[in-house]
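Biologist: Could you walk me through this one slowly? I keep seeing labels and I'd like to know where they come from.

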Amino acid sequence: LMVPGRGFFLNNELTDFDAQPRDAEGRLAANAAGPGKRPRSSMSPTLVFKKDGRPVMIVGSPGGSKIIGAVLNVIVNVLDYGMTLDEALKSPRVINRDGPVELEAPLSGNAALKKKLAAQGLKTELAKPLGNVQAIVFQEGQLIGGSDPRGNGAAEGYGEF
């Protein structure tokens, strides 16, 4: 829904507040809606730039508390490991949300990785697909779009920058 004359969309972020503002004992929930409050959210629409201000990458994902880890995995794979966007989107992901380290297959079957994590006192668990990342990489005057095979989406378009 576009706000007439204002140039921005309304969204459903109110659903990020607790649906029940009070607990069973009648205490106000920490994430209850109220004046001046912001809902807990993991939205991470991310724009990556070089030091000179030129764009490198735009990336985002749905997925609740898994969003941050899914987006980070793709960024690290592209920038630190030199993967193409397509390779980064297809690679298995690993995230931690203040609990067991969640490993997508085939990482969950990697005994050496699990042993290293256990040596650091970390427990692991097999994760269902993490995220549905959509991204654009700015490369050599081209815009290269990619869509995560874990979910719905498609990269389409044209243009130069």
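Below, we take some labels one at a time and check each against its definition.

Modeller: One thing up front: this is a predicted model. Go ahead and ask.

Biologist: Why is Leu47 called exposed?

Modeller: Exposed means over 50% relative accessible area. Leu47 has 55%, so the label exposed fits.

Biologist: And what makes Leu47, Phe49, Ile58, Ile136, Leu143 and Phe161 a nonpolar patch?

Modeller: A patch takes residues with over 30% relative accessible area, and nonpolar side chains are joined within 5 Å. Those six names, from Leu47 to Phe161, come out as a patch on the surface. Together they have about 550 Å² of accessible area. For Leu47 you can check the first part yourself: its 55% is over the 30% needed.

Biologist: Where does Leu47 sit in the fold?

Modeller: In strand β1, residues 46–49. Its bridge partner in β2 is Ile58, which is also in the patch.

Biologist: How do you know that β1 and β2 pair?

Modeller: Pairing needs at least two bridges. β1 and β2 (residues 55–60) have 4 bridges, in the antiparallel sense, so they count as paired. The test works for β2 and β6 (residues 134–139) too, with 4 bridges; there, Gly60 has Gln134 as its bridge partner. Then β6 is joined to β7 by 6 bridges, also running antiparallel, and one bridge pair there is Ala135 with Gly146.

Biologist: What is the order of the strands in that open sheet?

Modeller: It goes β1-β2-β6-β7, with antiparallel pairing. The edge strands are β1 and β7 (142–147), as each pairs on one side only. From one strand to the next, the twist averages 15 degrees. Helix α1 (residues 67–79) packs on this sheet and touches β1 and β2. The direction of α1 makes about 155 degrees with that of β2.

Biologist: Now the open sheet of 3 strands. Why are β3 and β5 said to stand at its edges?

Modeller: The order is β3-β4-β5, with mixed pairing. β3 (94–96) and β5 (124–126) each have a single partner strand, so one side of each is left without a neighbour in the sheet. Here the twist averages 30 degrees from one strand to the next. As for β3 and β4 (residues 101–103), 3 bridges join them; at least two are needed, so this pair passes. Ile95 and Glu102 are bridge partners there. Helix α3 (residues 111–119) packs on the sheet, touching β4 and β5.

Biologist: What makes Asp98 worth a look?

Modeller: Most residues other than glycine have a negative phi. Asp98 isn't a glycine, yet its phi is positive, about 65 degrees. You'll find Asp98 in the loop between β3 and β4. At 78% relative accessibility, Asp98 is over the 50% cut-off, so it counts as exposed.

Biologist: And what about Glu140?

Modeller: Glu140 has a positive phi too, of about 50 degrees. Glu140 lies in the turn of the hairpin that β6 and β7 form, with 2 residues between the strands. Its 74% against the over 50% rule makes Glu140 exposed.

Biologist: Last one: how do you know that the bond from Ala105 to Pro106 is cis?

Modeller: Omega is near 5 degrees there, and the bond is cis. Most peptide bonds are trans. Pro106 lies in the loop between β4 and α3.

Key: Residues are numbered from 1 along each chain as its sequence is written. This is a predicted model: local features need pLDDT of at least 70, side-chain atom pairs count only at pLDDT 80 or more; totals for chains, interfaces and linings use all residues. Side-chain values use heavy atoms; hydrogens and water are left out. Patches are made of residues with over 30% relative accessible area and no salt bridge: like charges are joined within 9 Å, nonpolar side chains (Val, Leu, Ile, Met, Phe, Trp, Tyr) within 5 Å. Accessible areas come from the Shrake-Rupley method with a 1.4 Å probe; for residues, only the protein chains shown count as cover. A salt bridge is a side-chain nitrogen of Lys or Arg within 4 Å of a carboxyl oxygen of Asp or Glu. Buried means under 20% relative accessible area, exposed over 50%, partly exposed in between (1.4 Å probe, protein chains only). Axes are lines fitted to C-alpha atoms, for helices over the stretch in contact, and angles run from 0 to 180 degrees between N-to-C directions. Contact means heavy atoms within 4.5 Å.
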